[in-house]
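Visitor: I should be grateful for a close look at a single part of this model, namely one lysine side chain and its polar partner, followed by the pocket and the helix that belong to the same picture.

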Amino acid sequence: MKLNLNLRIKFQKFCLILTCLVVLNFQSDLSSLQALPMDNYQGGIVIEELRLKVPADAKVAWLNAEKEIWDPWLSSQEGFLGRQLFWDKEKEEALILVTWESKKLWKSIPMSKVNVVQERFENNVKTALKIEENPFQLIYEGELDKQG
């Protein structure tokens, strides 16, 4: 009788451990199925996020150069949906949010073309402010994925 009770307890413990392992296995499988590495994600709306140091005395030149240089060029790019410009007066920082139809279309633009436009932008600002160096320091560059 005592031997039967010991076997029964051992069997119950074994079943409990087996159940826990099965549950843990399914949970880990579900999370890996639901996870999608962002590096490989190419579809859906993505927002390019840029933060720049924009001193108050250069704000007007920045806005004019954005309108004259970046707006027309971006508007001609496949996948460009629009952009928003923000300026934080206290930090003297700009936030630029550029909305793209997909990461694939955004990243298909050659950096050599972007660099040419950036150089035109900087020259525009330097001429307007009568200075030698670009006054806008890039603080952050990233991307946001539209949710919902």
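Guide: In this predicted model, the side chain of Lys 103 makes a polar contact with the side chain of Glu 143, at 3.3 Å. Lys 103 belongs to helix α3, which covers residues 103-107. Its relative accessible area is 12%, and because buried means under 20%, Lys 103 counts as buried.

The discussion now turns to the largest pocket. About 620 Å³ of space lies in the largest pocket. Its lining consists of 26 residues, and those that lie nearest the centre are Glu 48, Leu 50, Trp 70, Val 114 and Glu 141. Helix α3 is among the elements that give two or more residues to this lining; the others are β1 (46-53), α2 (59-75), β3 (93-100), α4 (111-129) and β4 (137-145). The largest share comes from α4, with 6 residues. Sorted by class, the lining of the largest pocket holds 15 nonpolar, 4 polar and 7 charged residues.

One of the contributors to the lining, α2, merits separate treatment. Its 17 residues should span 24 Å at 1.5 Å a residue, and the C-alpha atoms at its ends are 22 Å apart, so the expected and modelled values agree. Within α2 there is nevertheless a kink of about 35 degrees, centred on Glu 66. The buried residues of α2 are Ala 61, Trp 62, Ala 65, Glu 66, Ile 69, Trp 70, Trp 73 and Leu 74. Trp 70 of this group is also one of the residues nearest the centre of the largest pocket.

Glu 66, at the centre of the kink, has a relative accessibility of 2% and therefore counts as buried. Glu 66 and Asn 124 are 58 residues apart in sequence, while their C-alpha atoms are 9.6 Å apart in space.

The wider setting can be stated briefly. The chain has 4 helices and 4 strands, and from the N terminus on its elements run α-β-α-β-β-α-α-β. Of its 148 residues, 26% count as buried. Lys 103 and Glu 66 both count as buried. To return to the starting point, the contact partner of Lys 103 is the side chain of Glu 143, and α3, the helix of Lys 103, gives two or more residues to the lining of the largest pocket, as does α2.

Note on methods: Residues are numbered from 1 along each chain as its sequence is written. This is a predicted model: local features need pLDDT of at least 70, side-chain atom pairs count only at pLDDT 80 or more; totals for chains, interfaces and linings use all residues. Side-chain values use heavy atoms; hydrogens and water are left out. Buried means under 20% relative accessible area, exposed over 50%, partly exposed in between (1.4 Å probe, protein chains only). A polar contact is a pair of N or O atoms within 3.5 Å; within protein, one must be able to donate a hydrogen and the other to accept it, and residues adjacent in sequence count only if both atoms are side-chain atoms. On a 1 Å grid over the protein atoms alone, a cavity is a set of points where a 1.4 Å probe fits but cannot get out, and a pocket is an open set with protein on both sides within 12 Å along at least five of seven lines; lining residues have an atom within 4 Å of a point. Grid points are joined across faces, edges and corners, and a volume is the space filled by probe spheres set on the points. Ala, Val, Leu, Ile, Met, Phe, Trp, Tyr, Cys and Pro count as nonpolar, Asp, Glu, Lys and Arg as charged, and the others, Gly among them, as polar. The expected span of a helix is 1.5 Å times one less than its number of residues. The bend at a residue is the angle between axes fitted to the seven residues ending there and the seven starting there.
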